[in-house]
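Biologist: Hello! I would like to learn how to read the features of a protein model. Could you take me through one?

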Amino acid sequence: MIPSVNPSGSRTIGLLAYLYGPGKHEEHTDPHLVASFDGMSPDPGRDPNATLTDLQRLLDQPVIALAEHARPAKHVWHTSVRADPGDRVLSDEEWADIARRIVAATGIDPGGGEPGCRWAAVRHADDHIHIVATLVTEDGHRPDDFRSGARAQAEARLIEKELGLHQVTPGDGTAAPRPTSAERHKAKRQGRERTAREELRETVRRAVSGARSDEEFFDRLAAAGLLIRKRAAPSGDLLGYKVALPDDLNRNGEPVFYPGARLAPDLSLPRIRARWSGDAPAPLQEEVSRTGPGSPAAARRGTASAAWLAVPVVEHGDDAVAAAHIAAAGEVLDALAKTSVAHTRRELRDAATAFERASRSHVRAVRGHDRALRQAARDLVHGGQALGRGEDGATTAMAIDMLFFLITAAAHWHARKGHAQQAEAATRAAEHLRTAYRAAAVQPVGILRQRGQRLSRPMLQRHTVLLRKALPELAEQILAEPGWYALAATVAEAEGAGLDAAALLSEVAARRELGSADSVSDVLVWRMRRAAHLPADASHLPETNTAGNRGTTTVLSSPGSQRIGEEISRQSR
């Protein structure tokens with residue numbers, strides 16, 4: 001149940017005319033009074049002898065009784081109270097009780113012998129009511145309605161529990177503005193799935209991902225087809241911006257522009273500029289040399305590495321630094337959704353949209369420490385559209401797998417801080433990532449499983465012994481999973497690269513939690529392949545030696561194995 005307190009107005013009759021009228025899109029049905037300050041107010045909806053003017057004069061009477069200079073300029077208080085779409089249809093009596101509780105909680109009509117304001121509650125739809133009040137009490141004073149919006153929300157949480165309605169997660173004032181009912185009706189009339197505000201918010205978020213300057217940001221907005229208005233100081237310094245969709249017009253045929261801050265609090269120009277913290281390090285050289293400079297696969301391997309290293313920062317780091325990493329994770333999700341193929345794009349877009357709410361809180365982010373994640377977002381954008389197969393497809397699965405654990409860590413961080421809406425949003429984003437991973441991993445994991453199934457029986461037996469020795473508590477679970485063969489193939493590749501596969505397996509399993517994974521073996525496959533810099537796509541690799549006569553290898557002194565050892569050592573500190 002969502003109460004929405006609107007800015008105060010000056011014309012009681014105008015608001016009543018809207019509430020009792022057909023609505024802007026003929027959406028109002030059977031407008032009628034369900035409750036009022038005295039229980040006897042005239043109802044123009046159902047009483048043929050009552051008029052809007054009768055109700056207006058009754059409500060305005062305490063205001064008119066004041067001397068003209070003492071009357072408030074904005075004396076009309078208005079809130080809507082809307083039920084969740086999944087709730088049952090409430091009766092008029094239930095809505096009347098809700099209205100009385102809301103006006104009492106907000107100080108409009110506190111009861112208990114205290115003087116209150118005059119008010120009326122109008123219902124013109126199954127799922128909501130409107131409460132209109134005049135902001136002068138019966139004894140001629142201003143009501144104590146300070147923070148009436150927050151007080152209405154708190155009362156709504158109690159009402160939800162008592163009536164068995166959907167319980168809305170409490171917010172902290174950092175959410176993006178909701179589309180208005182007029183915006184929703186307009187989108188429906190135009191055949192849009194989302195409102196213009198929501199489309200603009202997503203487009204601007206994607207333009208921010210990995211951007212480093214005003215010029216780059218505005219170039220991306222223009223390339224996305226948005227109309228842009230910039231606001232400058234007399235000195236010429238840029239202060240802000242507005243954006244519009246070319247086909248979203250008002251009644252005069254003019255584009256409807258939205259300031260960045262009206263899309264989301266962190267999309268104002270000053271907040272966007274705070275993300276730009278200078279040049280970031282270049283992508284890891286070994287990834288560039290393997291897949292080519294600027295390739296989608298290189299960008300995805302870089303994303304997996306950045307996400308892997310960000311998890312412990314979110315889990316154990318300073319709050320301000322963790323908040324910066326969480327915000328940057330949102331940029332990575334936006335960039336990954338933008339550059340992915342159709343069979344994962346929808347779930348990735350939904351993950352990014354859900355996580356948008358989790359990317360902000362009252363914890364102030366300290367920028368600069370999130371440089372690796374922002375670089376990953378930038379590399380994804382510049383790497384371009386990925387293919388759904390080969391190294392592009394396999395590294396997509398790897399990146400999604402690592403991001404799942406980062407987003408899950410963000411959900412736990414928010415939960416510990418009491419950020420209920422953000423924790424819920426991050427949890428929903430993680431579920432979308434889980435679904436996207438299943439789609440992305442079918443081919444690359446399937447190839448690895450086939451390779452594992454073709455290993456000789458002696459080699460599989462040796463890998464089974466290695467697994468039980470390295471991960472005694474997880475071994476039986478892993479052996480029962482279909483992904484065990486993919487892990488066995490990865491262990492064989494690691495050994496073939498001259499690595500101590502048992503040590504590597506133990507290390508990657510110990511560094512991050514595994515309890516939230518659908519398949520522990522799949523997770524370990526991607527962690528090992530990322531840490532060992534093995535190709536994510538194994539379809540073109542030569543078959544692993546199946547003779548089974550090679551003993552357990554140790555780490556060789558090759559540059560590649562030395563690099564892996566150094567990384568493992570660094571991450572274990």
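Modeller: Gladly, and burial is a good place to begin: a residue is called buried under 20% relative accessible area, exposed over 50% and partly exposed in between, using a 1.4 Å probe and protein chains only. Tyr 241, at a relative accessible area of 5%, is therefore buried. Please keep in mind that this is a predicted model, where local features need pLDDT of at least 70, side-chain atom pairs count only at pLDDT 80 or more, and totals for chains, interfaces and linings use all residues. Residues are numbered from 1 along each chain as its sequence is written, and side-chain values use heavy atoms, leaving out hydrogens and water.

Biologist: How many aromatic pairs are there?

Modeller: First, the rule: rings of Phe, Tyr and Trp (its six-membered ring) pair if their centres lie within 6.5 Å; planes under 30 degrees apart count as stacked, over 60 as edge-to-face and the rest as tilted. By this rule, there are four aromatic pairs. Take Phe 217 and Phe 218: their ring centres are 5.1 Å apart and their planes meet at 55 degrees, so this pair is tilted. Phe 217 is buried, with a relative accessible area of 0%, and Phe 218 also counts as buried, at 5%.

Biologist: Is the pair of Phe 218 and Tyr 241 stacked or edge-to-face?

Modeller: Their planes are at 75 degrees and their centres 5.9 Å apart, so the pair is edge-to-face. To place these residues, we use helices (H or I, at least four residues) and strands (E, at least two), which are DSSP runs numbered from the N terminus. Phe 218 is in helix H7 (residues 214–223) and Tyr 241 in strand E7 (residues 238–244), 23 residues apart, and the pair links distant parts of the chain. Phe 217, Phe 218 and Tyr 241 form one aromatic cluster.

Biologist: Which residue lies over the face of Phe 218?

Modeller: A charge sits over a ring if NZ of Lys or CZ of Arg is within 6 Å of the ring centre and within 35 degrees of the ring normal. For Phe 218 that residue is Lys 230, at 4.5 Å from the ring centre. Elsewhere, Arg 527 lies over the face of Phe 405, at 4.9 Å from the ring centre.

Biologist: What should the 13 residues of helix H19 span?

Modeller: The expected span of a helix is 1.5 Å times one less than its number of residues. For H19 (residues 484–496) this gives 18 Å, and the end C-alpha atoms are 18 Å apart, which agrees. H19 is mostly covered, with 11 of its 13 residues buried; among them are Trp 484, Leu 487 and Val 491. Contact means heavy atoms within 4.5 Å, and the buried residues of H19 pack against several helices, including H16 (420–453) and H21 (520–531). After H19 comes Gly 498, whose phi is positive, near 85 degrees.

Biologist: Is Lys 338 buried or partly exposed?

Modeller: Lys 338 is partly exposed, with a relative accessible area of 36%. You will find Lys 338 in helix H12 (residues 319–338). Not counting residues up to four places away in sequence, Lys 338 touches Arg 206 and Gln 385. Lys 338 and Leu 380 are 42 residues apart in sequence and 8.8 Å apart in space, C-alpha to C-alpha.
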